[in-house]
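Trainee: I should like a close look at a single part of this structure, set in the context of the whole chain. Please take me through it in one connected account.

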Amino acid sequence: MTGKRTVVPFGPQHPVLPEPIHLDLVIEDEHVVEAIPSIGYVHRGLESLVDRREYSDFVYLAERICGICSFTHSSTFCQGVEGLMGIEVPARATYLRTMWGEYSRLHSHLLWLGLFADALGFESLFYNAWKIRESILNELEATTGGRVIQGVCKVGGVRRDVTNEFLSGMDKRLDDIEAEMQEMSKVFLSDYTLKKRLVGKGVLKTDAAYNLGAVGPVARASGLVEDVRTSGYLAYGDISFKPVTADGCDGYARCEVRCKELFQSVDIIHQIIAGMPEGDVSVPVKGNPDGEFFSRSEQPRGEVIHYLRGNGTKNLTQFRVRTPTLTNVPSLVAMLAGAELADVPQIVLTIDPCIGCMER
């Protein structure tokens, strides 16, 4: 016990990080005293392009903010323009957007679970999670034409319909996928090594999560009932569900919430397919957006906000995005304070960071 402090750089390139972020870790006797984040390694300037692309074309750029939450970004952007222009989207289109949004959540959570298992050296679990994820991506490709970037949302609705016969087949195939996820989740939540690496690590108490503005699974794993879907946007107002929460406030609780949300998404998709209304999937759009609008959605990682401002021309004058990873960085800094240096990589991963999404 020397009490001498040193600064250990973590990132921007690190074996457990799929994307670059840098942390200066102030260390004292192998414990983190303070973590100082640095961001900006993958800034692309997407927001500034909004005044050089027509709002109808900018949907494609909004979708490319993130390679995982792509569908939710395009849906949230369209929702914002529709709010600005007072466009009423057909009910079938809102149900399809909700269904694809939940498939995206399954895809994102399975991707994270696989990457997390890989980071801990659990290769067979990694392959199992990604094998299940392939089934989800196949459904997205069959219904939208794209596995990761779908390009199916447009202002006024969606570009593609899905036949009721195919929806019935998806409904049945979800039962098989759910059975596979049950087996996988048992390992994540009961394996001795995983629990040893997660329980009591990266603790974020409920009041700290609230004060730091945590969102998504990070907030819900600290006992906060925070879920934008409860506001009833898209078709969520017609769906019966409750936000998944846990009270462990640690890395294990964040893993637990994501595992349970897999089954919640399956249940929501079952309800969506059962209640899918008939009718058109888009309406004609005339005119240009004027005014300002905040559009909110619940991404797999938490709440995302798109701010749009128009002046009655075909180009928006301002577009800003607040992503869940950016919102959760202060919570990450709080989780790391007091942690052992060896636990830092898996604690960082438990917030499911998406740096490209955060920096746009």
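Mentor: What follows begins with the whole chain and then turns to one residue, its helix and the aromatic side chains.

The model is predicted. Its protein chain holds 12 helices and 8 strands. A compact globule of 360 residues would have a radius of gyration near 21 Å, and the value for this chain, 21 Å, agrees with that. Along the principal axes, the C-alpha trace extends over about 70 × 45 × 30 Å. Of the 360 residues, 55% count as buried. Where contacts join residues at least 6 apart in sequence, 69% of them link residues at least 24 apart. The area exposed by the chain is about 14,600 Å², of which carbon and sulfur atoms supply 51%. The chain carries 37 positive and 47 negative charges, and the mean positions of the two sets are 3 Å apart.

The part chosen for the close look is Ser 75, a residue of helix α2, which runs over residues 70-85. Is Ser 75 buried or exposed? Ser 75 counts as buried because its relative accessible area is 3%, and the cut-off for a buried residue is under 20%. Leaving aside residues up to four places away in sequence, Ser 75 touches Arg 97, Cys 153 and Leu 234. By contrast, Lys 195 lies 120 residues from Ser 75 along the chain, with 36 Å between their C-alpha atoms.

Helix α2 also has a part in the surroundings of helix α1, since it is included in what covers the buried residues of α1, as are β4 (153-154) and β8 (316-322). Helix α1 spans residues 55-63, and its buried residues are Tyr 55, Phe 58, Val 59, Leu 61, Ala 62 and Glu 63. Phe 58 belongs in addition to an aromatic cluster, together with Phe 77 and Phe 319.

The aromatic residues deserve a further word. The count of aromatic pairs comes to 10. One of the pairs is formed by Phe 126 and Tyr 127, whose rings are 5.0 Å apart centre to centre, with 50 degrees between the planes, a tilted arrangement. The two partners fall into opposite classes of accessibility: Phe 126 is buried, with a relative accessible area of 13%, whereas Tyr 127 counts as exposed at 56%.

Technical notes:
Residues are numbered from 1 along each chain as its sequence is written. This is a predicted model: local features need pLDDT of at least 70, side-chain atom pairs count only at pLDDT 80 or more; totals for chains, interfaces and linings use all residues. Side-chain values use heavy atoms; hydrogens and water are left out. Helices (H or I, at least four residues) and strands (E, at least two) are DSSP runs, numbered from the N terminus. The radius of gyration is taken over C-alpha atoms; the globule rule is 2.2 Å times the number of residues to the power 0.38. Buried means under 20% relative accessible area, exposed over 50%, partly exposed in between (1.4 Å probe, protein chains only). Contact means heavy atoms within 4.5 Å. Accessible areas come from the Shrake-Rupley method with a 1.4 Å probe; for residues, only the protein chains shown count as cover. Lys and Arg count as positive and Asp and Glu as negative; His and the chain ends are not counted. The place of a charge is taken as NZ of Lys, CZ of Arg, CG of Asp or CD of Glu. Rings of Phe, Tyr and Trp (its six-membered ring) pair if their centres lie within 6.5 Å; planes under 30 degrees apart count as stacked, over 60 as edge-to-face and the rest as tilted.
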